[in-house]
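Q: I have a chain open and have not looked at it before. Can we go through it in pieces?
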Amino acid sequence: MNVAWGNMMGFRSFGSLVALGLMLAAALPASGQSRHRSTPSFSSIGASASPASLSVGGTETVSVSLRSTTSASNLIVQLAIRDAASTVIAYRNFSGQSFSAGQTRTFSAGFSMVGRGTGTYTVSVGVFSADWSRNYYWADRLATFTIVST
């Protein structure tokens, strides 16, 4: 070891440099492993709203299929209904959700349209961390339906 370099870097002895090397080696992943956790990544591969047209006060059933490209757990999947002004008027949260890499899962929920006006509504989906601090995915206008007067 170059003594001048060691002194300049604050190492008083060869032993302190070895100790630093051992600490760094313990912090690094083993060969072929990664300590980096990939950010969950999703895509919507299908959505439906049934019926396509319903009367004021009816119930709408929506389904959205999500595919994850990574493994992820303890997520919240949110299905949302938006009105023509893009305001969320109803939503359903599915907490504690997990995905394997490449897995497709379908989430469905029924929404009562009591008190909603006539017009076109859209379905959105989001995927969030368990504490809502991260939004991993959001997609709007996946499906539409219309409320008509009776």
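Q: What do S4 and S5 form, and how many residues sit between them?
A: S4 and S5 form a hairpin with five residues between them. In the turn, Ser86 has a positive phi of about 70 degrees. Strands here (E, at least two residues) and helices (H or I, at least four) are DSSP runs, numbered from the N terminus.

Q: How many bridges join S4 to S5?
A: Eight bridges join the two, and S4 and S5 run antiparallel. Two strands pair if DSSP finds at least two bridges between them. Ala80 stands opposite Tyr91 in S5.

Q: Before going on, what kind of model is this, and how are residues numbered?
A: This is a predicted model, where local features need pLDDT of at least 70, side-chain atom pairs count only at pLDDT 80 or more, and totals for chains, interfaces and linings use all residues. Residues are numbered from 1 along each chain as its sequence is written, and side-chain values use heavy atoms, with hydrogens and water left out.

Q: OK. Which elements does the chain have, and in what order?
A: The chain has two helices and eight strands. From the N terminus, the order is α-α-β-β-β-β-β-β-β-β.

Q: Back to S4. Is Leu75 buried or exposed?
A: Leu75, in strand S4, is buried, with a relative accessible area of 3%. Buried means under 20% relative accessible area, exposed over 50%, and partly exposed in between (1.4 Å probe, protein chains only).

Q: What does Leu75 touch further along the sequence?
A: Not counting residues up to four places away in sequence, Leu75 touches several residues, including Phe42, Phe94, Phe99, Val127 and Tyr136. Contact means heavy atoms within 4.5 Å. The C-alpha atoms of Leu75 and Asn135 are separated by 9.9 Å, with the two residues 60 apart along the chain.

Q: And Ser65, where is that one?
A: Ser65 lies in strand S3 and is buried, with a relative accessible area of 16%. The side chain of Ser65 makes a polar contact with the side chain of Thr106 (2.7 Å). A polar contact is a pair of N or O atoms within 3.5 Å; within protein, one must be able to donate a hydrogen and the other to accept it, and residues adjacent in sequence count only if both atoms are side-chain atoms.

Q: How many of the residues count as buried overall?
A: Of the 150 residues of the chain, 30% count as buried.
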